[in-house]
Amino acid sequence: FYFARSSSLSRGRRGNRHSVLSDLSTSSRSVNFSDALTWLRATLFKYYYLHPESLQRTQQPIKILNFELFFACHDQTDKKNSTFVLMAGIYFHIPFCKRICAYCDFFKSLDISKMGALIEAMHAELELRHGSLHDRHIRTIYFGGGTPSLCEPQALQGLIDHAARLFDCHDLAECTTEVNPDDLTEEYLARLRDTDINRLSIGIQSFDNAELKLMNRRHTAEQAIEAVRRAQQAGFTNITIDLIFGVSGFGSEILQHNIQTALSLGVQHISAYHLTIEPNTAFGRKVAHGGFAAVPDAVSEAEYLFTHHALTQAGFEHYEISNYALPGFRAQHNAAYWSGVEYLGIGPAAHSFDTQTRHWGVNSIEEYIKGAPGGEETLSERDHFNEYVMTSLRTLEGIDLRLLATQFGQTRLDILRREAAPFLLTGTLRVEKGKMAIPPEKFLVSDNVIAHLFET
């Protein structure tokens, strides 16, 4: 290991840049590479948590190790390519939609006429807040919504170019935009291919027209299939699609059709979400009036297990509760959210995280365009602990027990082990090679496990 030149670390304790790693030269001789990374991440976490003044903005960007390891979740590596996949990310929120989906609880707007003014405001916010990221190296960029495919590709590229002027984007590995199937004309895809966007997230949800109609989606099953094929023909080789299961009135035959169709298209990644009925949605209002209902728990479990087995048997890795990827195609941007890495959110209602503070934009397009400030909260050590437990148990890797003890103390680890005991007895949790994890086939009950292990 070699520490990168860092003016911020050289101002550390006793004025010695290497004091943070004072025993690295001896300990690294007796442990393997994986153990050394665990120890190093824990050491860095403790140092920066206890000495936040070392993260003051400097003209020299903070670089930690030649592979930019900082708050990287242990073992979250792309082993096939031998590269670390976690650095800072940028999220751009494009909130406009032509139609509101029946299940959607995200911040959105039907007033597409404000698109131009919003993009200008996003450039202004990017310029204003770019200093909030300590890590100046950007690994991923993500355009979400809303429906980013309502935005001209040149406008998306303009935001990417602006980010590249403010940050080091030379190692940009993944640049994703969410798209709606009926927006993906040959002409639109050709212009999208001229941008730096190299990954498409296509919001399909179902390949059944009746189910799509119930969800108030604006595309058909036939358009969804054609959209994927067009994207592939246009040259996109990293495509993820969204599917929703657990929809009342649509049983196992429809789910089987949806999964089989998705697999037949040869996409690299599938996000399969169980329908969540939120109060402030069309589905939520229907439930309140007795016109719709959530599926029974037994149906939820059966459909979840069918999805899990069908996709894993087809070669997909079930690496997060709702996400499946072929080898080498995990969603790198989302992995940052699950692993405590910094990210900058630009746009109305977009969230940011700088490892200590969470910030969110105002949830009004009109106020956002005027430059109204959002809100923020500083996370306590308990918040950090709970978030580590929550995000880790939603992933295949789970909780690194030694890392948890080093970061948060042996007492917390002892309490965690005690609280986890009932779940370990039933097999809902398991411990292997120092990791406590929920088996993927049991991810559906993760919320109950996580709530039980939270520190209150």
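**Parallel strands, crossovers and a few unusual backbone sites**

Phe 92 stands opposite Phe 143 in strand E4. This pair is a convenient way into the structure, which is a predicted model. Phe 92 belongs to a strand pairing in which seven bridges join E3 (residues 88-94) to E4, with the two strands running parallel. Between these two strands the chain passes through helix H4, and the β-α-β crossover from E3 to E4 is right-handed. Strand E4 itself spans residues 138-145 and is mostly covered, eight of its eight residues being buried.

From E4 the picture extends to the next strand. E4 and E5 pair in the parallel sense over four bridges, and the bridge partner of Phe 143 in E5 is Thr 177. Phe 143 thus has a place in both pairings, standing opposite Phe 92 of E3 and bridging to Thr 177 of E5. Here too a helix takes part: E4, H5 and E5 make a right-handed β-α-β unit.

Thr 177 leads on to E6 in turn, for this residue stands opposite Leu 200 in that strand. Strand E5 (residues 174-179) runs parallel to E6, and four bridges join them. Helix H6 (residues 186-193) completes another right-handed β-α-β unit, together with E5 and E6. On its other pairing, E6 is matched with strand E7 (residues 239-245), again in the parallel sense, over five bridges. Within that pairing, Gly 203 has Asp 242 of E7 as its bridge partner.

How is strand E6 placed with respect to the surface, and what becomes of its two faces? The strand, residues 199-205, is mostly covered, with seven of its seven residues buried. One side carries Arg 199, Ser 201, Gly 203 and Gln 205, the other Leu 200, Ile 202 and Ile 204, and the residues on both sides are all buried.

The helices that link these strands also meet one another. The axes of H4 and H5 (residues 153-166) come within 10 Å and cross at roughly 10°. That angle makes H4 roughly parallel to H5, because angles under 35 degrees count as roughly parallel. On the H4 side, Ile 119, Met 122, His 123, Leu 126 and Glu 127 take part, meeting Gly 158, Leu 159, His 162, Ala 163 and Leu 166 of H5. The residues of this contact divide into six nonpolar, three polar and one charged.

Another residue of H4 (residues 115-129) deserves a look of its own: Glu 125. Is Glu 125 buried or exposed? Its relative accessible area is 9%, so Glu 125 falls under the 20% limit for buried residues. Leaving aside neighbours within four places in sequence, Glu 125 is in contact with Gly 345, Ile 346, Gly 347 and Tyr 368.

Further along, the loop between H4 and E4 holds His 137. At 5% relative accessibility, His 137 counts as buried. His 137 and Asp 168 are 31 residues apart in sequence, yet their C-alpha atoms are 4.8 Å apart in space.

Several sites stand out for their backbone geometry. The peptide bond from Gly 145 to Gly 146 is cis, with omega near 10°; Gly 146 has its place in the loop between E4 and H5. Asn 216 has a positive phi of about 65° although it is not a glycine. This residue is in the loop between helix H7 (209-215) and helix H8 (221-234), and at 30% relative accessibility Asn 216 counts as partly exposed. Ala 349, likewise not a glycine, has a positive phi of about 70°. Ala 349 is found in the loop between strand E11 (343-346) and strand E12 (351-353), where a relative accessibility of 24% makes Ala 349 partly exposed.

Finally, three strands form an open sheet in the order E15-E17-E16, and the pairing is antiparallel. Strand E15 (399-400) and strand E16 (430-432) stand at the edges with a single partner strand each, so one side of each is left without a neighbour in the sheet. Two bridges join E15 to E17 (residues 435-437), which run antiparallel, and Ile 399 stands opposite Met 436 in E17.

Methods. Residues are numbered from 1 along each chain as its sequence is written. This is a predicted model: local features need pLDDT of at least 70, side-chain atom pairs count only at pLDDT 80 or more; totals for chains, interfaces and linings use all residues. Side-chain values use heavy atoms; hydrogens and water are left out. Buried means under 20% relative accessible area, exposed over 50%, partly exposed in between (1.4 Å probe, protein chains only). Two strands pair if DSSP finds at least two bridges between them. A crossover is right-handed if, with the strands pointing away from the viewer, the path from the first strand over the helix to the second runs clockwise. Contact means heavy atoms within 4.5 Å. Axes are lines fitted to C-alpha atoms, for helices over the stretch in contact, and angles run from 0 to 180 degrees between N-to-C directions. Angles under 35 degrees count as roughly parallel, over 145 as roughly antiparallel, 65 to 115 as roughly perpendicular and the rest as oblique. Ala, Val, Leu, Ile, Met, Phe, Trp, Tyr, Cys and Pro count as nonpolar, Asp, Glu, Lys and Arg as charged, and the others, Gly among them, as polar.
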